[in-house]
Amino acid sequence: MKEEKWDLEITPKDRLLAVDWKEIWRYRDMFVLFVLRGFRTAYKQTILGPLWFIITPVLSVIVYVAVFGGVANIPTDGVPPVLFYLLGISVWGYFASCLSATSNSFVSNAGIFGKVYFPRIIMPLVAVTSNLLSFFIQLAIFFAFYIYYAATGTDLAIHWQIVLFPVLIVMLALMAVGFGMVFSSMTTKYRDLQIMLNKIISLWVYITPVIYPMSMVTNEKLHLAMSLNPVTPVVEAIKYSLLGQGQFSWLWLAYSAGCTFVLLIFGLILFNKVQKSFMDTV
């Protein structure tokens, strides 16, 4: 009997921390297609289409300014409320979107996973990349208002830490991927965890200084507890670098980086373990 020869043999990975970057690079065309698919289907069959990327943050800012600034009288430490809320909404929105999309990687793509082979780790990377588009659009709106306020004489302080802005955004993205891979691996068997995650995200924003400055939190124990939220030091550093409001601490950023590293390792271990047999449970 003639021995069959195969061009490619697909076998499960033995190491739970294994990431085959060469294989991911070979499937770069599929990665691009998935990113484009995410953009095209976001507002497919809608009247305004991509304009929703602009309308959504603008409407959110109007509501935040009216409710939190006008009704609740929450201060913004001298920063124009529009800039304060728009930056917070943009940064938090990117983190939350990446986390939500990554956490649903297995369940939402089960049909594709069952028919075609490609590195499953591509899907969390797609979530991070596709959400960058809406983030950049919102960031462009922020800088448009920023230029307007600067031109009208508003005193806006930009610190040198602005050069770290790309690094801080990458930290948020990796943190979301770490959390997301953990939940994605667990939701293949326990679907109600996805519902729980949605609730966590909706409550998480209130323990992150997005709609209020950390200077409002005068209770030392509560301030410490909120600082232990790994997203807080990153959000504070971003606000400090762009608005001059907030706190910049190398120590707390190192803490966030450590949490991100641990989450990525733990998430990758679970992800690689579950992907071997998730079609049996999804």
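Residues count as partly exposed when their relative accessible area lies between the buried limit, under 20%, and the exposed limit, over 50%. In this predicted model, D77 falls in that middle class, because its relative accessible area is 40%. The residue sits in the loop between α3 and α4 (81–103). Its backbone is notable: D77 is not a glycine, yet its phi is positive, at about 55 degrees.

Helix α3 spans residues 52–71 and includes I62. I62 also belongs to a nonpolar patch on the surface. The other members of this patch are L51, I54, V58 and L59. Together the five residues have about 410 Å² of accessible area.

The largest pocket holds about 850 Å³ of space. It is lined by 42 residues. G93, A96, S97, N131 and S134 are the closest of these to the pocket centre. Five elements give two or more residues each to the lining: α2 (28–42), α3, α4, α5 (105–108) and α7 (122–151). The largest share comes from α4, with 11 residues.

I201 lies in helix α9, which covers residues 192–204. I201 is buried, because its relative accessibility is 12% and the limit for burial is under 20%. Leaving aside residues up to four places away in sequence, I201 touches W92, A96, L99 and S100. One of these contacts, A96, is also among the residues closest to the centre of the largest pocket. L99 and I201 stand 102 residues apart along the chain. Their C-alpha atoms are nevertheless separated by 8.6 Å.

The count of salt bridges comes to one. This salt bridge joins K239 to E236. Its closest N and O atoms are 3.4 Å apart, inside the 4 Å cut-off. Both residues belong to helix α11 (residues 231–243). They are three residues apart, so about one helical turn separates them. Both partners are also buried. K239 counts as such because its relative accessibility is 1%. E236 is buried too, with a relative accessible area of 3%. Both values fall under the 20% limit.

Methods. Residues numbered from 1 in each chain as written. Predicted model: local features only at pLDDT ≥ 70, side-chain atom pairs only at ≥ 80, totals over all residues. Heavy atoms only, no water. Patch = residues over 30% accessible without salt bridge, like charges linked within 9 Å, V, L, I, M, F, W, Y side chains within 5 Å. Areas by Shrake-Rupley, 256 points an atom, 1.4 Å probe, with all protein chains shown as cover. Salt bridge = Lys/Arg side-chain N within 4 Å of Asp/Glu carboxyl O. Helix = DSSP H or I, 4+ residues; strand = E, 2+ residues; numbered from the N terminus. Buried < 20%, exposed > 50% of the residue type's maximum accessible area, 1.4 Å probe, protein only. Contact = heavy atoms within 4.5 Å. 1 Å grid on protein atoms, 1.4 Å probe; cavity = no way out; pocket = protein on both sides within 12 Å on 5 of 7 lines; lining within 4 Å. Points joined across faces, edges and corners; volume = space filled by probe spheres on them.
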